[in-house]
Amino acid sequence: MTTPFTLDGEQRKWCAELRTLAARQLRPLAGPEAPGRVNRPLVRALGELGLLARVLPSDGPVRAMDLCLLRASLAQECTEAETALALQGLGAYPVLRFGTGEQRSRWLPEVVAGRAVAAFALSEPGAGSDAAALELRAAPDPGGDGWRLTGEKCWISNAPGADLYTVFARTGPAPRAAGITAFLVPGDRPGLGGQPLEMLAPHALGTLTFDGVPVGAGDVVGEVGGGFRVAMNTLDLFRPSVGAFAVGMARAALGAALAHAGERRAFGGPLKDLQAVSHRLADMATRTEAAALLVHAAAAAYDAGEPGIARRSAMAKLFATETAQYVVDAAVQIHGARALQRGHLLEHLYREVRAPRIYEGATEVQRTIIAKELYRAADVYGGE
Ligand code: COS
């Protein structure tokens, strides 16, 4: 039976297939990489299995629900595969949605096949939550009709080893959001460098340095001065899917906690018979279910073109990432010391679950977005 609040049979079947695929074919490729090194065999496998084509379809709009089901299912079995998939989408979606025909035909088949690695370069040392404060300068090129990029990006996933970057830079004197333009910058452009960063995340992250990197009109993604909209539209799509990643991690942690509470005996019986444990498990399950519902609602609204997408996306990301932190932490507590041993699933999830509360807009940024919308439409808000 299907209701508006459950996945249909087809979706459930696809999720089960994705989990099997992730456990059998992707997890074996998810070995530890050197800091800053993109796991290219894993990205290629995502392409060969046709999963990247579901994220970046060539024959229709990107489906937020597909993206969310993919991310939640992969995350439940293999977070490395989940993140590699998501980063290809995040880096290349601006090209798919706003790029020129030439940009799309040059890059998207390569990204979808997993042969080219994409990255989304928005954050800077001085502009994280306040994205409109970014300072990377696109100055008119004195020797041509394009620009030269000068400055720095920081905490960029897949940097510095990606093949293409969607880069946000300041092209004019207009203040804040109005002066920003998005560019597609191939990784081999002269003047582009960067360093790996060792972060509490298993995927590659790094800095990018731009030393007069030349870009032309053919590299602009969207319109000159329209870069902030490109960034925000991209984040509107990807934020619920960060929530889906979190739901996948919460489900994995809940599954581990349930199994452990059933097997482990203490005080004369299995842990699950202790009320302190059973109530904790009930809370973990309830919050995970609520997070999944919010993620699915945001994705369905996105696909249906409903209004209020920024708010719905923000709510889904906020609630699901905070929930996953709670659930993973509770699962660790139920397991005790063994969960903190290097190599344990929960030790891995405990490290993985922290960053999504910060990237693609910290929890506090999501609250700001929700509150802004609330104040703007306070009269209609309660009516849904
Ligand atoms: N879709 C389309 N346009 C949007 C938008 C959205 N979701 N959100 C904002 N805009 C537009 C606004 O309409 C406004 O346009 P006009 O000036 O033409 O009216 C412009 O963008 C600026 O909007 P606003 O004044 O609301 O921007 P702020 O500087 O206050 O910043 C937040 C808004 C906080 C939402 C933004 O800075 C943000 O998302 N920060 C987090 C960044 C982030 O996620 N970084 C992670 C990088 S990827 S790991």
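Mentor: Strands here are DSSP runs of E with at least two residues, and helices are runs of H or I with at least four, both numbered from the N terminus. Keep in mind that this is a predicted model.

Trainee: Thanks! Where is the place of Trp155?
Mentor: Trp155 stands out in its backbone, with a positive phi of about 60° although it is not a glycine. Its relative accessible area is 41%, between the limits of 20% and 50%, so Trp155 is partly exposed. As for its element, the place of Trp155 is in strand 3.

Trainee: And Glu360, which also has a positive phi: is it buried or exposed?
Mentor: Glu360 has a phi of about 55° without being a glycine. You will find it in the loop between helix 10 (345-352) and helix 11. Buried requires under 20% relative accessible area. At 15%, Glu360 therefore counts as buried.

Trainee: Which residue does a cis peptide bond join to Ala159?
Mentor: Look at the loop between strand 3 and strand 4 (164-170), where the partner lies. Omega is about 0° at this bond. The residue joined to Ala159 is Pro160.

Trainee: On to the rings. What kind of aromatic pair do Trp147 and Phe183 form?
Mentor: A pair of aromatic rings is described by the distance of the centres and the angle of the planes. For Trp147 and Phe183 the centres lie 5.3 Å apart, with 65° between the planes. Planes over 60 degrees apart pass the cut-off, so the pair of Trp147 and Phe183 is edge-to-face.

Trainee: How many residues apart in sequence are the parts that this pair ties together?
Mentor: Both Trp147 and Phe183 are buried. Trp147 belongs to strand 3 (residues 147-157) and Phe183 to strand 5 (residues 180-186). The pair therefore ties together parts whose separation in sequence is 36 residues.

Trainee: Over the face of which residue does Arg287 lie?
Mentor: There are two such arrangements to look at here: Arg106 lies over the face of Trp107, at 3.9 Å from the ring centre. Arg287 is 3.7 Å from the ring centre of its own partner. That partner is Tyr326.

Trainee: Strand 5 also holds Thr181. Which side chain does a polar contact of 2.4 Å join to that of Thr181?
Mentor: Thr181 has a relative accessible area of 0%, so it is buried. Its side chain reaches the backbone nitrogen of Gly225 at 2.8 Å. The side-chain partner at 2.4 Å is Thr171.

Trainee: Which element gives the largest share of the lining of the largest pocket?
Mentor: That pocket has a volume of about 1,200 Å³ and is lined by 45 residues, with Arg239, Ile358, Tyr359, Glu360 and Gly361 nearest its centre. By class, the lining has 25 nonpolar, nine polar and eleven charged residues. Elements giving two or more residues include helix 7 (227-263) and helix 9 (309-335). The largest share, six residues, comes from helix 11.

Trainee: Finally, how much space lies in the largest cavity?
Mentor: The structure holds two cavities of 30 Å³ or more. Among the residues lining the largest cavity are Thr83, His203, Phe245 and Tyr359, and by class this lining has five nonpolar, two polar and two charged residues. The space in the largest cavity is about 40 Å³.

Conventions:
Residues numbered from 1 in each chain as written. Predicted model: local features only at pLDDT ≥ 70, side-chain atom pairs only at ≥ 80, totals over all residues. Heavy atoms only, no water. Phe/Tyr/Trp six-rings, centres within 6.5 Å; stacked < 30°, edge-to-face > 60°. Buried < 20%, exposed > 50% of the residue type's maximum accessible area, 1.4 Å probe, protein only. Lys NZ or Arg CZ within 6 Å of the ring centre and 35° of its normal. 1 Å grid on protein atoms, 1.4 Å probe; cavity = no way out; pocket = protein on both sides within 12 Å on 5 of 7 lines; lining within 4 Å. Points joined across faces, edges and corners; volume = space filled by probe spheres on them. Nonpolar A, V, L, I, M, F, W, Y, C, P; charged D, E, K, R; others polar. Polar contact = N/O pair within 3.5 Å; in protein donor to acceptor, adjacent residues only side chain to side chain.
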